[in-house]
Amino acid sequence: MMGGGAPMMHGQPPIPGHHGGYDTSAILGVGSAPPPTQPPPPPMPASRILVLGNMVTENDLNNDEDYAGLTEDINTECSKHGAIDKLVIPRPGQGLDSLIG
């Protein structure tokens, strides 16, 4: 001890008003800022494309009558929220050509 005061611990001065106490906040991380986090990803640009998945089975798509009914139902429900430019429901074996354009 020097000068009759409380000894210093690891270079930390005593806490004012606490006789013999030490400021351990720096050691324990008390009152420190949280660790930095990753910045949020940039927002996605606006799109007019809506992809709905897992709505039908392969059997629904193979039967022409069921396919026509699905197309009509989905078009009716989606058009409640705005105009539909194009509705594409790919069928097994059509390939990607049915999705483009």
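Two residues count as being in contact here when heavy atoms of theirs lie within 4.5 Å. Keep that in mind for I84, which touches N75, C78 and S79 once residues up to four places away in sequence are set aside. One caveat up front: this is a predicted model.

**The overall picture**

The protein chain has 3 helices and 0 strands, and from the N terminus on its elements simply run α-α-α. There are 101 residues in the chain, and buried ones make up 8% of them. As for the surface, the accessible area of the protein chain comes to about 8800 Å², with 59% of that belonging to carbon and sulfur atoms. What about contacts across the sequence? Taking the contacts with a separation of 6 or more, 25% are between residues 24 or more positions apart.

**Around I84 and R48**

Back to I84, then. This residue is found in the segment after α3, the helix that covers 64-78. Is I84 buried, exposed or something in between? With a relative accessible area of 33%, I84 is partly exposed, because that label covers anything between the 20% and 50% limits. Looking further along the chain, I84 and R48 are 36 residues apart, and their C-alpha atoms are separated by 9.7 Å.

R48 has a charged partner too, namely D85: the two form a salt bridge, with the closest N and O atoms 2.2 Å apart. D85 sits in the segment after α3 and R48 in the loop between α1 and α2, so this pair ties together parts that are 37 residues apart in sequence. Both D85 and R48 are exposed.

**The salt bridges side by side**

Some background for this part: side chains of opposite charge can pair when their charged atoms come close. By the rule used here, the count for this model comes to 3 salt bridges, and here they are.

| Pair | Closest N to O distance |
|---|---|
| D85 and R48 | 2.2 Å |
| R91 and D64 | 2.9 Å |
| E77 and K80 | 3.2 Å |

Where do the partners R91 and D64 sit? R91 and D64 form a salt bridge, and the pair links distant parts of the chain, with R91 in the segment after α3 and D64 in helix α3, 27 residues apart. D64 is exposed, at a relative accessible area of 56%.

In the pair of E77 and K80, the side chains meet in a salt bridge. E77 counts as partly exposed at 45% relative accessibility, while K80 is exposed, with a relative accessible area of 57%.

**N62, N63 and the segment after α3**

R91 turns up again when you look at N62. Leaving aside neighbours within four places in sequence, N62 is in contact with R91 and P92. N62 lies in helix α2 and is partly exposed, with a relative accessible area of 46%. The C-alpha atoms of N62 and G93 are separated by 9.9 Å, and these two residues are 31 residues apart along the chain.

Next door is N63, found in the loop between α2 and α3. At 36% relative accessibility, N63 counts as partly exposed. N63 and R91 are 10.0 Å apart in space, C-alpha to C-alpha, and 28 residues apart in sequence.

**The loop between α1 and α2**

This loop has a couple of other things worth a look. N54, placed in the loop between α1 and α2, has a phi near 55 degrees, a positive value in a residue other than glycine. N54 counts as exposed, at 84% relative accessibility.

M55 lies in the loop between α1 (25-28) and α2 (58-62) as well. Which residues make up the nonpolar surface patch? L50, L52 and M55 make it, and it covers about 330 Å². M55 itself counts as partly exposed at 47% relative accessibility.

**The largest pocket**

Rolling a probe the size of a water molecule over the atoms shows where empty space is left. About 900 Å³ of space lies in the largest pocket. The lining of this pocket takes in 25 residues, and L50, V51, K86, L87 and V88 lie nearest its centre. L50, then, lines the pocket and is also part of the nonpolar patch. Which element gives the most to the lining of the largest pocket? That would be α3, with 3 residues.

Definitions and conventions:
Residues are numbered from 1 along each chain as its sequence is written. This is a predicted model: local features need pLDDT of at least 70, side-chain atom pairs count only at pLDDT 80 or more; totals for chains, interfaces and linings use all residues. Side-chain values use heavy atoms; hydrogens and water are left out. Helices (H or I, at least four residues) and strands (E, at least two) are DSSP runs, numbered from the N terminus. Buried means under 20% relative accessible area, exposed over 50%, partly exposed in between (1.4 Å probe, protein chains only). Accessible areas come from the Shrake-Rupley method with a 1.4 Å probe; for residues, only the protein chains shown count as cover. Patches are made of residues with over 30% relative accessible area and no salt bridge: like charges are joined within 9 Å, nonpolar side chains (Val, Leu, Ile, Met, Phe, Trp, Tyr) within 5 Å. A salt bridge is a side-chain nitrogen of Lys or Arg within 4 Å of a carboxyl oxygen of Asp or Glu. On a 1 Å grid over the protein atoms alone, a cavity is a set of points where a 1.4 Å probe fits but cannot get out, and a pocket is an open set with protein on both sides within 12 Å along at least five of seven lines; lining residues have an atom within 4 Å of a point. Grid points are joined across faces, edges and corners, and a volume is the space filled by probe spheres set on the points.
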